[in-house]
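Biologist: I am new to this structure and should be grateful for a close look at its aromatic side chains. Please begin with the rings themselves and then move outward to their surroundings.

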Amino acid sequence: MNDQLDIIVLIKQVPDIEKVKFNLKTGRLDRSSAGAVINPFDLNALEAAVQIKEKKGATVTAISMGPKTAESSLRDAIARGADRAILLTDARFAGADTLATSYTLASAIKKLGSFDLVICGEKTIDGDTAQVGPEVAEFLGIPHVAYVEEIREVNEDGILVKSKMGRNYYVIELSFPGLITVTKDANTPRLPTLKDKIRSRKAEITVWTADSLSDVAEMGRFGISGSPTTVAKVYAPHTEKRRGRIFEGDPEEAARRIVSVLKELNIIG
Ligand SMILES: Cc1cc2nc3c(=O)[nH]c(=O)nc-3n(C[C@H](O)[C@H](O)[C@H](O)COP(=O)(O)OP(=O)(O)OC[C@H]3O[C@@H](n4cnc5c(N)ncnc54)[C@H](O)[C@@H]3O)c2cc1C
């Protein structure tokens, strides 16, 4: 291991949820209706990495797979403290399900060589599967801890974290190289200063295509061809409204009728 930790943060660009519209006919997000921002949970992932860098010394690399426009989110990541950024963009990456997305991201991490820690957001606000972090860890053959709410200690060999799964908290030691996914409670993401924003405009963003990964990946496992699943339909679940009945008249008689209705419905015996 080097003197400094090597931390990789995975960042997805998502539609600005304040502005995006939902196309009810197709059941899909109309991504053209809104600007794009860093997935909010990935801001927590980035903040966690930058805090480790400030305390222990680290190089923070942000990686995003997406269209060319995702470059703006990587510049934002640099303004918020990442040291360098890599954009994975290619028509051959398009249409990826979570498996192909994870494979592509893991391949880019393999290409980088050695690293200590990968930090992801808990989930995205558009896909919302929370699968990519753990899948990337599996592709890399490294341990992971999901839903990290607190990073308690970092040393040169590993990290001590508190994770919340279901109703339980777990305090877990994770050896490097490892991967964590963080929740929104892990920290409060900083806002970039104007100076940082100006600096990030001039930063070089490395662009890798499918061919750039040819020495570490199989081409057929990217994008649609590497995706065993497709989304058939997206729809909001039907919600049943509360049905109310009013029993009027004499209170005792009304109470008797309520009891008999509740018995009919098997709510009371
Ligand atoms: C069955 C299925 C089919 C799909 N088909 C399509 C399709 O045809 N076309 C299409 O555009 N999308 C498709 N998607 C969406 C696409 O697969 C997801 O956007 C992508 O796999 C990431 O999944 P997620 O958003 O649920 O991420 P999550 O697993 O919720 O994300 C967890 C974390 O992983 C990291 N991460 C996730 N995605 C990226 C990324 N791209 N770059 C860097 N870091 C990332 C972030 O740190 C994030 O916080 C499909 C999804 C599914 C489940």
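Modeller: A residue is called buried when its relative accessible area is under 20%, exposed when that value is over 50%, and partly exposed in between. Tyr103 has a relative accessibility of 7%, and therefore counts as buried. The model discussed here is a predicted one.

Tyr103 is a suitable place to begin. The count of aromatic pairs comes to 3. In one of them, Tyr103 meets Phe139 edge-to-face, with 5.4 Å from centre to centre and 75° between the ring planes. This pair connects distant parts of the chain, since Tyr103 belongs to helix α3 and Phe139 to helix α4, which covers residues 132–140; the two residues are 36 apart in the sequence. Phe139 has a relative accessible area of 22%, and because only values under 20% count as buried, Phe139 is classed as partly exposed.

Tyr103 has a further partner in Phe222. Their ring centres are 6.0 Å apart and their planes meet at 50°, so this pair is described as tilted. Planes over 60 degrees apart would count as edge-to-face and planes under 30 as stacked, which is why 50° falls into the tilted class. Phe222 is located in the loop between β13 (205–208) and α6 (251–264), whereas Tyr103 is in helix α3, so the contact ties together parts of the chain that lie 119 residues apart in sequence. Both Tyr103 and Phe222 are buried. Taken together, ring pairs join Phe93, Tyr103, Phe139 and Phe222 into a cluster.

The loop that carries Phe222 deserves a further word. Ala217 is also found in the loop between β13 and α6. Ala217 has a relative accessible area of 12%, and is buried because this value is under 20%. Asn266, by contrast, lies in the segment after α6 and is exposed, because its relative accessible area of 69% is over 50%. Between the C-alpha atoms of Ala217 and Asn266 there are 60 Å in space, while 49 residues separate the two in sequence. Asn266 also has a positive phi, about 60°, although it is not a glycine.

Aromatic rings also meet charged groups. The charged end of Lys111 is placed over the ring of Trp208, at 5.6 Å from the ring centre. A second such arrangement involves Lys162, whose charged end sits over the ring of Tyr169 at 4.5 Å from the centre.

Two other aromatic residues are notable for their backbone. Tyr147, in strand β9 (residues 144–154), has a positive phi near 55° without being a glycine. With a relative accessibility of 29%, Tyr147 is partly exposed, because this value lies between the limits of 20% and 50%. Phe176 is joined to Pro177 by a cis peptide bond, with omega near -5°. Pro177 itself is in the loop between β11 (168–175) and β12 (178–182).

From the rings one may turn to the ligand. The ligand is surrounded by 27 residues, the closest being Leu10, Lys12, Asp42, Thr124 and Thr129. By character, this shell consists of 10 nonpolar, 11 polar and 6 charged residues. Oxygen atoms of the ligand are approached in several places. Thr129 places a polar side-chain atom 2.6 Å from one oxygen atom of the ligand, and a backbone N or O atom of Ala130 lies 2.8 Å from a ligand oxygen atom. A polar backbone atom of Thr98 is 3.5 Å from an oxygen atom of the ligand. On its own the ligand would expose 950 Å², of which the protein buries 80%. Helix α3 (98–112), the helix of Tyr103, gives two or more residues to the ligand shell, as do β6 (58–65) and β8 (117–121).

A last comparison leads away from the rings. Lys197 is situated in helix α5, residues 194–202. Its relative accessible area is 43%, so Lys197 is partly exposed. Along the chain Lys197 and Ala62 are 135 residues apart, yet their C-alpha atoms are separated by 16 Å.

Key: Residues numbered from 1 in each chain as written. Predicted model: local features only at pLDDT ≥ 70, side-chain atom pairs only at ≥ 80, totals over all residues. Heavy atoms only, no water. Near = heavy atom within 4 Å. Polar contact = N/O pair within 3.5 Å; in protein donor to acceptor, adjacent residues only side chain to side chain. Areas by Shrake-Rupley, 256 points an atom, 1.4 Å probe, with all protein chains shown as cover. Helix = DSSP H or I, 4+ residues; strand = E, 2+ residues; numbered from the N terminus. Nonpolar A, V, L, I, M, F, W, Y, C, P; charged D, E, K, R; others polar. Phe/Tyr/Trp six-rings, centres within 6.5 Å; stacked < 30°, edge-to-face > 60°. Buried < 20%, exposed > 50% of the residue type's maximum accessible area, 1.4 Å probe, protein only. Lys NZ or Arg CZ within 6 Å of the ring centre and 35° of its normal.
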